[in-house]
Amino acid sequence: MDSALAVHRLHFAFTVTFHYLFPQLTMGLALLIVWMKTMALWKNDEHYNNSARFWAKIFAINFAVGVVTGIPMEFQFGTNWARFAKAGGGVLGQTLAMEGVYSFFLESSFLGLFIYGEKLLGRRLHWFSSVLVWVGSWLSGFFIVATDAWMQHPTGYAVGADGSIRLDSFWGLMLNPWTLWQYPHTMLGAVATGSFVMASVGAFYLIAKRQEEYGRTFVRMGVIAALGAAVLLLASGDRQGHNVATYQPVTLAATEGLFETAQGAPVTILGQPDTNALRIDNPLLVPRVLSFITYRNWSAEVKGLNDYPRDLWPDNVPLLYYSFHIMVGLGTIFIALAGICVVWLWLGRLYESKTLLWALMLALPFPYIANTAGWMTAELGRQPWLVYGMMRTAAGDSNNVSAGNALFTLVGFMGVYTVLGILFLFLVYRELERGPSAVVTEGH
Amino acid sequence: MLSLLWYCLVALMIAGYVILDGFDLGAGAIHLFVAKSADERKVILRSIGPVWDGNEVWLLAAGGTLYFAFPALYSASFSGFYLPLMMVLWLLILRGISIEFRNHIESPVWIPLWDTGFGVASILLAVFYGAALGNVVRGVPLSAAGDFFLPLWTDFRTGTAPGILDWYTVLIGVLALTALAVHGAFWIRYKTSGELSTRVREFSQGAWWILGALTLAASAASFAVQPQIAVNFREHLWGAVFPLLAMAGFAGMRWCSSEVGAFLSSCVYLAGMLTSAVFGVFPYVLPAVGDVGHGLTIYNTAPAEYGLQVGLAWWIPGMALAVVYTVFVYRKFAGKVS
């Protein structure tokens with residue numbers, strides 16, 4: 001691999017992975033804050049308003065880091081991927097520009113009002129501004145997923161006589177079948193992060209015997225939302241898997257670690273892909289299941305990696321395989337944990353169950369890991385293509401930006417983001433220490 | 001024809017960005033010097049706190065629209081100006097977290113730290129933006145394939161092998177810093193009262209003379225550095241309306257007696273200066289030095305017609321909504337900050 005290409009890839013991978021730790025909480029919490037504001041308005045209950053104020057503080061810190069780490073993403077299409085930006089700009093410029101015009105203005109205008117303007121706005125308008133912040137953040141998610149979907153499965157375009165790619169159908173671009181399932185799947189992933197974070201903070205307060213009234217609210221709302229999200233994640237993930245099987249069958253084989261074509265193909269639960277011996281080492285298999293989940297037929301044929309030319313394989317099969325298995329494994333655990341918690345909640349025993357509260361509190365990092373693994377599955381699975389079937393990754397980077405220059409800025413971003421991450425944790429920790437009752441005395 | 005329309009729309013969005021984010025950058029650039037107490041500094045930051053993020057969105061929306069309307073320009077300029085753009089990103093990060101994190105802890109260590117970060121980032125951003133504009137006016141050594149890569153500096157001379165920084169782009173950078181500092185001062189004066197308001201008024205009156213001198217010097221230098229400007233103004237006399245706009249704004253800053261009038265005059269000055277530059281280099285969006293024929297124009301960087309037509313259908317309602325939100329927010333936060 002040409003070293004400049006490697007640095008450009010790492011540059012994008014590092015900055016986007018760090019960035020997405022923040023929007024996933026923003027998009028998930030935005031929905032939960034709307035829920036709290038709605039309860040406050042409907043039941044005329046200050047308890048929910050205080051809860052919303054407390055989460056708005058966490059939201060604001062998180063949003064600030066999300067914004068400052070998001071701007072570099074829009075820039076990097078041009079700075080590090082100039083040949084791709086030039087070739088695909090006639091199509092992808094649409095979705096990226098629409099994100100700026102339709103979602104960022106909405107989100108930033110009403111977030112300012114939501115955070116600073118509670119007294120100015122009155123109850124109803126303040127509720128409405130929380131709704132608009134949520135809509136803005138989810139619109140932003142839509143345009144980004146639509147952009148990614150075009151790279152995964154290009155639609156709505158035509159190639160000119162000179163080889164240039166141009167937009168051919170606006171609705172073809174917007175209503176890409178890939179977006180149809182990847183978008184809800186991604187948003188549900190964000191809701192999983194938001195709700196597990198909320199439940200985790202609530203569990204922490206209950207275990208620590210502080211802010212217990214709020215702790216119960218956060219745990220209750222958190223586990224209910226988490227269960228809804230986790231179940232729908234399974235359903236949307238299944239449909240997304242069907243898209244992968246249809247449009248990227250090589251990727252399907254790689255994510256599942258299926259080397260040999262088989263009728264009634266087994267699903268691999270555990271095992272290590274060995275790309276030299278072309279097999280899974282130490283496999284734990286469940287027979288026929290892969291055929292069923294892919295084609296709804298226990299004996300359907302699923303084509304294995306060995307039947308595809310090696311230059312069509314994703315270039316890092318083991319990492320792709322692990323990312324996918326980590327995502328699916330954690331998703332399964334989320335359904336189980338949230339399911340048990342909701343049953344215990346219904347039985348009225350959740351707030352007293354030390355075991356479940358500890359499990360919830362310690363669950364905090366896992367939705368982040370699952371979301372990250374999910375994106376790694378999508379983007380490693382797209383390799384070796386930048387635009388699937390159309391443009392190779394190696395043909396898209398900025399060949400006028402040398403490896404040395406790209407490494408300079410990659411190292412710079414690593415330093416800046418380390419400091420940002422530490423500051424973020426420090427400030428959020430302080431807000432958690434002060435707790436929701438502090439916002440009451442401040443009177444906001 | 002569509003390219004020309006989009007050229008004007010992108011220029012409009014960039015002007016919107018410079019005017020809106022310009023006042024909070026300017027306020028950030030001078031707040032360490034014009035505020036004499038912690039309270040005054042807090043008042044200045046509160047005057048921009050609810051709006052700065054919305055203002056910065058104009059940069060993202062303008063960048064996105066530029067990418068959409070002129071992909072080849074976006075691709076060439078973003079990769080060619082790689083290093084300074086990355087530094088702009090770091091400065092935007094420093095500025096954003098400085099203003100957002102500042103108020104979380106009341107401490108004599110924490111607050112001055114972020115106030116300094118905010119001031120330094122704002123000053124450097126203003127200089128970088130000016131230098132960026134200077135680079136676009138001067139032109140860059142484009143290859144036949146339409147790309148380039150500029151080092152941060154070479155010998156500080158314009159010519160066929162310039163750097164990002166040369167005497168001309170540094171001059172434009174200093175002009176931008178001065179213009180935005182004055183712009184920010186008018187904003188602070190408009191949004192505050194008492195001693196602070198009086199003090200920034202004195203600051204802007206002093207800085208007005210420097211701004212005038214720099215404007216003259218930069219205008220003369222621009223004609224010398226970029227021959228296309230003289231050609232355009234000679235062939236299309238109506239283009240004089242742009243520099244006249246800048247002059248009217250400049251005069252208004254001095255003689256407009258109302259606070260809002262002075263601030264709006266500064267907006268007019270900035271819009272006039274930017275549109276003059278845009279008009280001056282037309283039809284180039286990035287002129288070339290050396291082989292002038294390699295320059296990027298609105299014609300050789302635009303995508304196919306269909307995309308540009310579709311774009312109008314969503315851009316117009318989308319930006320109309322954005323203007324509605326912006327007006328709504330500014331009205332809600334209207335009046336003096338205390």
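**Exercise 1.** How many cavities of 30 Å³ or more does the count come to?

*Solution.* This is a predicted model. The count comes to 2 cavities of 30 Å³ or more. The largest cavity has a volume of about 90 Å³. The second largest cavity holds about 50 Å³ of space.

**Exercise 2.** Work out which residues and elements line the largest cavity.

*Solution.* Start with chain A. F105(A), S108(A) and S109(A) belong to the lining. Now take chain B. Its lining residues are L20(B), P50(B), V51(B), G54(B), N55(B), W58(B), T326(B), V329(B) and Y330(B). Next, find the elements that give two or more residues. They are α4 (82–116) of chain A, with α3 (52–69) and α12 (305–332) of chain B. Last, sort by class. The lining has 7 nonpolar, 5 polar and no charged residues.

**Exercise 3.** Do the same for the lining of the second largest cavity.

*Solution.* List the residues: A30(A), I33(A), F59(A), L111(A), F114(A), S130(A) and V133(A). Then place them. In chain A, α2 (23–43), α4 and α5 (118–152) each give two or more residues. By class, 6 are nonpolar, 1 is polar and none is charged.

**Exercise 4.** Is G293(B) buried or exposed? Locate G293(B) in chain B as well.

*Solution.* Find the loop between β1 (284–286) and β2 (296–297) of chain B; G293(B) lies there. Check its relative accessible area: 64%. Exposed means over 50%. So G293(B) is exposed, because its relative accessible area is 64%. Now compare with F203(B). G293(B) and F203(B) are 90 residues apart in sequence. In space they are 45 Å apart, C-alpha to C-alpha.

Technical notes: Residues numbered from 1 in each chain as written. Chains lettered and ligands numbered in written order. Predicted model: local features only at pLDDT ≥ 70, side-chain atom pairs only at ≥ 80, totals over all residues. Heavy atoms only, no water. 1 Å grid on protein atoms, 1.4 Å probe; cavity = no way out; pocket = protein on both sides within 12 Å on 5 of 7 lines; lining within 4 Å. Points joined across faces, edges and corners; volume = space filled by probe spheres on them. Helix = DSSP H or I, 4+ residues; strand = E, 2+ residues; numbered from the N terminus. Nonpolar A, V, L, I, M, F, W, Y, C, P; charged D, E, K, R; others polar. Buried < 20%, exposed > 50% of the residue type's maximum accessible area, 1.4 Å probe, protein only.
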